[in-house]
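Student: I would like to look closely at one part of this protein and see how it fits with its surroundings. Please start with a single residue and work outward from there.

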Amino acid sequence: MRIIRGKYGKRRFDVPKNITARPTTDFARENIFNVLENIIDFEDKTALDLFAGTGAISFEFVSRDCKEVTCVEMANTQANFIKSVKQKLNAQNLRVIKGDVFKFVETCSNKFDIIFADPPYDHPRFGEIPNLILNSQMLNPGTLVIIEHSRDYDFSDLPDFKEQRTYGSVNFSIFEIA
């Protein structure tokens with residue numbers, strides 16, 4: 001795993017072979033962060049990374065000086081990997097929650113400036129995730145919500161949809177809460 005840019009840019013970490021996550025490709029991650037950098041200033045923002053996997057998205061937020069980053073990951077191997085990288089970077093502003101994303105979203109009352117969700121494409125409840133987030137208590141006016149998905153999904157009819165970006169086989173739907 002490589003951190004693309006920011007204070008930890010170009011740092012690499014060996015991902016354990018037994019991780020079952022499908023990490024966002026470097027190409028897609030670099031491009032979506034280029035888009036986001038033109039929409040929002042990361043400094044002093046709070047970010048949430050749902051279905052964190054290897055934590056690559058979380059570490060991009062941390063590297064770009066978000067004041068607080070929370071990531072949620074259910075799998076032990078992935079959560080432990082994120083914690084080990086957090087320790088190596090001494091990333092005190094990263095909070096790792098090992099748990100179920102659906103329960104977290106339903107019960108979380110914290111507000112975030114940026115919410116990124118990268119669920120497994122074959123997750124049986126994949127289609128519910130955007131509405132679950134968009135109807136949660138975690139949003140403020142101006143919150144950016146980014147959903148990573150395959151071309152099999154189109155979320156453009158949902159409220160606050162801003163745009164969709166495609167990089168190879170990776171799609172991102174971006175919402176900006178009014």
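**From one cysteine to the strands**

Tutor: Cysteine 108 counts as buried, with a relative accessibility of 8%. Keep in mind that this is a predicted model.

Is cysteine 108 bonded to another cysteine? A better way to put it is this: how many disulfides does a search of the whole structure find? The search finds zero. A disulfide is a covalent bond between the sulfur atoms of two cysteines, and the cut-off for counting one is a sulfur pair within 2.5 Å. Cysteine 71 does not come within reach, because its closest cysteine sulfur, that of cysteine 66, is 13 Å away, too far for a bond. Cysteine 71 is also buried, at 0% relative accessibility. Cysteine 108 is in no disulfide either: the nearest cysteine sulfur belongs to cysteine 71 and is 13 Å away.

Next, the strands. Strand β2 covers residues 68-73. Five of its six residues are buried, so the strand is mostly covered. What pairs with β2? Strand β1 (residues 46-50) does, in the parallel sense and over five bridges. Within that pairing, threonine 46 has glutamate 68 of β2 as its bridge partner. Strand β3 (residues 94-98) also pairs with β2, again parallel and over five bridges. There, threonine 70 is matched with arginine 95 in β3. The chain goes from β2 through helix α3 (residues 76-89) to β3, in a right-handed β-α-β crossover. A right-handed β-α-β unit is also made by β1, helix α2 (residues 56-63) and β2.

Further along the chain is strand β5, residues 139-149. Eight of its 11 residues are buried, so β5 is largely enclosed by the rest of the structure. Strand β4 (residues 112-117) pairs with β5 in the parallel sense over five bridges, and isoleucine 115 stands opposite valine 145 in β5. β4, helix α5 (residues 129-134) and β5 form a right-handed β-α-β unit. Strand β7 (residues 170-176) is joined to β5 by six bridges, but the two run antiparallel. Valine 145 takes part here as well, with phenylalanine 175 as its bridge partner in β7.

The loop between α5 and β5 contains serine 136. This serine is buried, with a relative accessible area of 13%. A polar atom of its side chain lies 3.2 Å from the backbone nitrogen of methionine 138.

Last come the aromatic rings. The structure holds 11 aromatic pairs. One of them joins tyrosine 121 and phenylalanine 126 edge-to-face, with 6.2 Å between centres and 85° between planes. Tyrosine 121 is partly exposed at 23% relative accessible area, whereas phenylalanine 126 is buried at 0%. Tyrosine 153 and phenylalanine 155 form a stacked pair, 5.6 Å centre to centre and 15° between the planes. In this pair tyrosine 153 is partly exposed, at 26%, and phenylalanine 155 is buried, at 6%. Ring pairs also link Phe27, Phe116, Tyr167 and Phe172 into a cluster. One ring has a charge over it: the charged end of arginine 125 sits over phenylalanine 102, 3.9 Å from the ring centre.

Notes: Residues are numbered from 1 along each chain as its sequence is written. This is a predicted model: local features need pLDDT of at least 70, side-chain atom pairs count only at pLDDT 80 or more; totals for chains, interfaces and linings use all residues. Side-chain values use heavy atoms; hydrogens and water are left out. Rings of Phe, Tyr and Trp (its six-membered ring) pair if their centres lie within 6.5 Å; planes under 30 degrees apart count as stacked, over 60 as edge-to-face and the rest as tilted. Buried means under 20% relative accessible area, exposed over 50%, partly exposed in between (1.4 Å probe, protein chains only). A charge sits over a ring if NZ of Lys or CZ of Arg is within 6 Å of the ring centre and within 35 degrees of the ring normal. Helices (H or I, at least four residues) and strands (E, at least two) are DSSP runs, numbered from the N terminus. Two strands pair if DSSP finds at least two bridges between them. A crossover is right-handed if, with the strands pointing away from the viewer, the path from the first strand over the helix to the second runs clockwise. A polar contact is a pair of N or O atoms within 3.5 Å; within protein, one must be able to donate a hydrogen and the other to accept it, and residues adjacent in sequence count only if both atoms are side-chain atoms.
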